[in-house]
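User: Please give me a close look at a single part of this model. Pick one strand and tell me about its pairing and its packing.

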Amino acid sequence: MNRTLLRQLAAVALIVLLPAAIVPQTAPQAQQQPAATAAAKPPTPTTGAQRRRANRLYLAAGKLYLDSQFEAALKQYEEAAKLDPEDPDYRLAADVARSHLVTELVQTAARQRLAGDAAASRAAIQRALALDPQNPVAVQHLNELGSDALRVQEQPLYQQSSAVAGALESLAPTNGTHDLHIQVNARQAIQQTLALWGITAMLDDSVRSMPIKIDADKADFTTALRLLSLTTNNFFVPIDAHRVLVARDNTVNRAQYTRQAVETVRFYGLSDAELTEVSNLARNIFNIQQVTPIPSGSALTLRAAPSLLEAFNSSMTSLLEGRNQVMLDVRLVQLVHTGTRKTGVKPPQSISAFNVYAEEQSILKANQSLVDQIISSGLASPTDPLAILGILIASGQVSSSVLTGGVALFGGGLTASGLSPSGPATFDFALNSSDTRIIDSIQLRLGDGEDSTIKAGTKYPIQTSAYSSVSASLPNIPGLTGAGSSSSLSSLVSSLSGSTPNIPMIQYQDIGLTLKVSPKVLRGNEVTLKTDFALDGISGTSINGNPIISHQAFAGVVTLKEGEAAELASEIDQSSSRAVSGSPGITDVPGLNNISGKNLQKNYATLLIVLTPHVIRLTQPAGHSARMVIEKASSNP
């Protein structure tokens with residue numbers, strides 16, 4: 001027993017001491033082992049009290065969720081899930097509340113970013129990422145904040161404010177909101193309200209002392225200032241960061257107390273004449289009366305209210321920077337193909353049958369004088385008609401349709417007959433093909449959203465109406481309608497007196513291609529092309545002497561990357577004909593008709609239009625040299 005007890009004690013000591021010895025070498029494994037051991041332990045059963053408390057938390061969190069208090073609802077949902085992990089509804093409700101809270105934080109970050117508060121926007125995004133690190137919308141907003149910071153760091157020197165010390169004064173009220181419940185005279189209300197934000201009001205004598213009443217909860221400084229302006233009919237002019245001048249809002253006081261700004265605007269690349277036009281624009285359109293041109297520096301010095309200067313600067317920036325521009329390469333390719341193929345055997349179209357004896361006697365009687373000469377000369381016996389016929393044919397003095405072609409004989413004696421074709425058999429194996437390619441290249445320089453039209457073709461005159469006089473007779477003019485002293489004039493008038501003058505009214509119709517294109521530059525140098533394509537042609541038929549105009553049209557929108565091409569294709573004309581010549585019966589048999597005469601004709605014309613946009617000018621991005629630089633300073637009225 002003692003030895004057994006000693007062995008057990010030694011084993012226990014080794015188990016206790018061995019992890020301590022291994023810790024310096026295998027620290028990560030030692031740290032992970034307790035977690036694994038804890039995970040391996042069976043879960044503690046949930047008590048009834050825990051379930052009841054979890055249920056109460058779940059109900060309370062539901063009320064908070066309905067009130068859009070997602071953060072408080074999330075905490076109670078998570079606490080309920082910890083108390084009763086066996087109920088999956090608690091964990092699911094926590095996930096839903098977390099999703100809504102992340103969405104609310106992202107929206108808050110977007111509003112703060114638009115307001116220019118990058119710190120508050122970044123804090124909201126970081127809070128959203130802490131709740132849901134994989135949320136793609138939150139990650140995107142964080143990247144946009146980084147891009148904003150990068151743009152600020154890369155801001156060129158000419159865009160950095162060089163006259164901050166001379167800028168117009170602005171108020172610096174304290175942060176926070178206040179409940180406003182005021183029912184005193186206007187002068188006291190202005191002083192008491194502005195004092196809540198640390199601003200001292202300097203009241204002009206024109207401010208009236210009249211009773212007013214304001215009730216507003218949780219009003220910020222901007223809201224309070226607007227309420228005071230509306231109720232007292234006054235306006236506020238900052239003197240420094242903590243003092244403001246208050247005067248009655250009328251034309252005289254506005255002209256006397258409104259602070260005016262002085263700025264020097266430099267226009268790079270403008271001539272002296274163009275600089276004069278800009279100064280006239282500032283005076284006549286924007287009502288800036290104090291404009292001083294500086295021709296040597298291509299600049300203008302302007303003195304006016306800040307609102308007028310901002311309007312002038314914004315308008316001139318948009319005019320000088322311009323819009324995006326696209327160079328559009330248009331290639332017109334017209335393919336015309338004409339093909340004719342003639343193959344096969346064309347047999348004689350007719351065959352003549354005749355009696356040999358009758359044809360022989362006909363030839364001899366038709367040439368009786370020659371026959372007598374042959375007999376008298378002793379060249380042939382009168383009883384040998386074949387010899388006489390052979391001498392006549394050999395002499396070339398006899399012509400007959402039977403003798404010009406081949407003859408097929410059958411029968412004998414007086415019934416001997418022959419067959420003679422009316423024409424020879426022909427064998428065709430011919431191919432005629434022609435291809436024509438017409439290429440035209442056009443370049444268009446278009447502004448963003450600008451429409452352009454390309455027309456290629458002719459103008460065809462079409463008579464729409466005709467004008468004629470009411471009477472066919474000409475007016476009676478002595479010496480003109482009568483004979484007068486000239487007989488030639490009388491004959492000319494007599495030839496014209498029976499005719500009616502007819503004056504046609506002509507309208508010219510566009511025949512050919514009409515292509516309308518309008519580009520729109522998108523982000524990423526993508527270009528959207530709005531195309532309207534039409535083909536007009538003259539058909540073969542006509543009505544009342546006017547031809548029928550065929551019309552083909554297509555309209556669509558295509559988005560391309562810069563340098564990519566879009567193709568528009570149209571079949572202008574397409575025709576095919578097939579003529580077969582041969583013998584009846586044989587030509588109609590499948591397979592045998594291939595040896596018959598065939599005449600195949602195929603004609604087609606295809607128009608191909610290739611549109612390739614190239615972005616040659618973008619709006620001025622940050623970091624590039626601008627054509628207009630504004631140097632601001634402040635000035636007392």
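Analyst: Two strands pair if DSSP finds at least two bridges between them. Strands (E, at least two residues) and helices (H or I, at least four) are DSSP runs, numbered from the N terminus. This is a predicted model, in which local features need pLDDT of at least 70 and side-chain atom pairs count only at pLDDT 80 or more, while totals for chains, interfaces and linings use all residues. Residues are numbered from 1 along each chain as its sequence is written, and side-chain values use heavy atoms, without hydrogens or water.

The part is strand S5 (243–248). A hairpin of 4 residues links S4 to S5. S4 covers residues 234–238 and runs antiparallel to S5, with 5 bridges between them. Val237 stands opposite Leu245 of S5. S2 also pairs with S5, here in the parallel sense, over 4 bridges. In that pairing, Ala201 has Val244 of S5 as its bridge partner.

Now the packing. Of the 6 residues of S5, 5 are buried (under 20% relative accessible area, 1.4 Å probe, protein chains only). The strand S5 is therefore largely enclosed by the rest of the structure.

S5 gives two or more residues to the largest nonpolar core, as do S1, H8, S2, S3 and H9. Such a core is a set of buried Ala, Val, Leu, Ile, Met, Phe, Trp, Tyr and Cys residues joined through side-chain atoms within 4.5 Å. This one has 22 residues. Val244 and Val246 are among those with the most contacts inside the core, and so are Ala201 and Phe236.

Terms used
Buried < 20%, exposed > 50% of the residue type's maximum accessible area, 1.4 Å probe, protein only.
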